[in-house]
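Please walk me through this structure, beginning with how the parts of each chain are arranged and ending with the place where the chains meet. Plain running text is enough.

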Amino acid sequence: MADKIQFELVSPAKLLVSSKVDMVVVPGSEGDFGAMALHAPMITTVRPGVIDIHDGGKVSSSIFVAGGFAEVNEERITVLAEEAIPVNELTAEMAEARKKTAKEALDDAGNERDKAHALRLALVAEAMAAAVA
Amino acid sequence: MASLKDLRMKIVSVKSTRKITSAMKMVAASKLRRAQTAAEAARPFAERMERMLGTLAASLAGQSGAPRMLTGTGADKVHLLVAVTADRGLCGGFNSSIVRATKAMAADLLKQGKIVKIMPVGRKAREQLRRDYGQYMIEGFEQLGRKGIVFAEADQVASQISAMFEAEEFDVCTVVYNKFKSAIAQEVTRQQVIPFPVPEQAAKSDTGPKAIYEFEPSEEEILAEILPRNLATQMFRALLESQASEQGARMTAMDNATRNAGDMINALAIKYNRSRQAQITKELIEIISGAEAL
């Protein structure tokens, strides 16, 4: 087994996670990918979904992110997420509430921009519901 | 000369003013600590965002088709100034230094024949800029960060700006805000956010010959996603810095006010005691000379 990879999860408000782990599975916009040490350098967008942190042969924690960006290189993976919530803190009600706001936003959307924004909210809500289930 | 009663009333009033200013100082001090922590906690995100952008921009350098938010519209005609102030006063020169800097910039640009638009963020910016630059003013934001700045608020401001940019309502966007240096010092900062100046250092240090990044999806698509995000991040940082500066400025201003009130109370107390003494002496003289006359 190669060395561990430095995983950093940053939200605008603070540095959420910074630890050395075996592998991180990230929901990239073009498919999930696992990042281990010595991964080829890469920058990708992240779609709303769950980041699994693998350590010591099992998934040590799972975190829901509402989209963002990831930068991977040989020794480090940095995920910039606008919103990140540990999966075990998510509830079905939260997802439901999100779905409702997204629907309302879509109904209220007057122009293309608002519509795109509402659709994104809906996407996040759906991913959240999937993460709960 | 003021009567004893007047003096007494004046002392009472200055004392109650001092109570208020010292309470405001204490509130500002505790808010400052919170704002400062928030500003520091937000730094890693901005740093990493900058690094990522640097890498992206460097790999895209020289190619055509880079998003306009990075390269600009090619024109330099319409300038949007975002003036970030507080909603409330009583914080020394905090608001007026921003207003002054914005005015100076606007005047300079107008002299060069450019078109200026001013977006006020914070009530004081709108109030103080309205008189001289009312006709350049566009809709702004108020009441941000009443319970501490959250990212969603910065996002709101940023999406307003990017919507305007997409509608080609301006070419260059500059944010004017107070940068937090220490509790007693703020620095008026003018930061250009559109077109985004590529951080040179980040671009250099992170794209050495060995670091050839893969991009998924393409560079252009990631950039198109990341640039509006970056704008929100920059706004978020400006708002946080401004918030911390505001509390710092208010703390200093209120500290001075408290001290001045104390000095004033001392001076008034001396005056009060003297006139009281003078009155007693006068009465004594009157009694004695009255007794002597008998």
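In this predicted model, the centres of domain 1 and domain 2 of chain A, taken over C-alpha atoms, are 23 Å apart. Domain 1 covers residues 5-87 of chain A, and domain 2 covers residues 90-132. Where the two touch, domain 1 of chain A contributes eight residues and domain 2 of chain A contributes six. On the domain 1 side of this contact, six residues are nonpolar and two are polar, while none is charged.

The UniProt record, in an unreviewed entry, lists residues 5-84 of chain A as "domain: ATP synthase F1 complex delta/epsilon subunit N-terminal". In the model, that span is 70% strand and 0% helix, and the C-alpha atoms at its ends lie 20 Å apart.

Chain A as a whole contains ten strands and two helices. Along the sequence the order is β-β-β-β-β-β-β-β-β-β-α-α, with the helices following the strands. The C-alpha trace of chain A spans about 50 × 30 × 25 Å along its principal axes. Its radius of gyration is 16 Å, which agrees with the value near 14 Å for a compact globule of 133 residues. Buried residues account for 34% of the 133 residues of chain A. Of the contacts in chain A between residues at least 6 apart in sequence, 49% join residues at least 24 apart.

The strand pairing in chain A can be followed from strand β1, residues 5-10. β1(A) runs antiparallel to strand β2 (residues 15-21) of chain A, and six bridges join the two. The connection between β1(A) and β2(A) is a hairpin of four residues. β1(A) also pairs with strand β9 (residues 76-81) of chain A, this time in the parallel sense and over five bridges. Phe7(A) illustrates both pairings: its bridge partner in β2(A) is Ser19(A), and its bridge partner in β9(A) is Ile77(A).

Chain B is built from eight helices and five strands. Its pattern along the sequence is α-α-α-β-α-β-α-α-β-β-α-β-α, so helices stand at both the start and the end of the order when elements are counted as DSSP runs. The C-alpha atoms of chain B occupy a box of roughly 115 × 40 × 30 Å along the principal axes. The radius of gyration of chain B is 28 Å, whereas a compact globule of 294 residues would have one near 19 Å. Of the 294 residues in chain B, 37% are buried. Among contacts in chain B between residues at least 6 apart in sequence, 80% join residues at least 24 apart.

The chains meet through 23 residues of chain B and 22 residues of chain A. On the side of chain B that touches chain A, four elements each supply at least two residues: α2 (43-60), α6 (151-166), β5 (214-216) and α8 (219-293). Of these, α2(B) gives the most, with seven residues. By class, the side of chain B that touches chain A has 17 nonpolar, two polar and four charged residues.

Strand pairing also crosses between the chains. Strand β5 (residues 42-46) of chain A pairs with β5(B) in the parallel sense, over three bridges. Within this pairing, Met42(A) stands opposite Glu214(B).

Which residues does Glu216(B) touch, not counting those up to four places away in sequence? Glu216(B), which is found in strand β5 of chain B, touches Gly28(A), Glu30(A), Met42(A) and Thr44(A). Is Glu216(B) buried or exposed? Glu216(B) has 19 other C-beta atoms within 10 Å and is therefore partly exposed, because a residue counts as buried if 20 or more lie within that distance and as exposed if 12 or fewer do. Elsewhere in chain B, the C-alpha atom of Arg33(B) is 41 Å from that of Glu216(B), and the two residues are 183 residues apart along the chain.

Definitions and conventions. Residues numbered from 1 in each chain as written. Chains lettered and ligands numbered in written order. Predicted model: local features only at pLDDT ≥ 70, side-chain atom pairs only at ≥ 80, totals over all residues. Domains from an automatic or database assignment. Contact = placed C-beta atoms within 7 Å. Nonpolar A, V, L, I, M, F, W, Y, C, P; charged D, E, K, R; others polar. Rg over C-alpha atoms; globule rule 2.2 N^0.38 Å. UniProt positions renumbered as here; feature names shortened; annotations may be inferred. Pairing = 2+ DSSP bridges.
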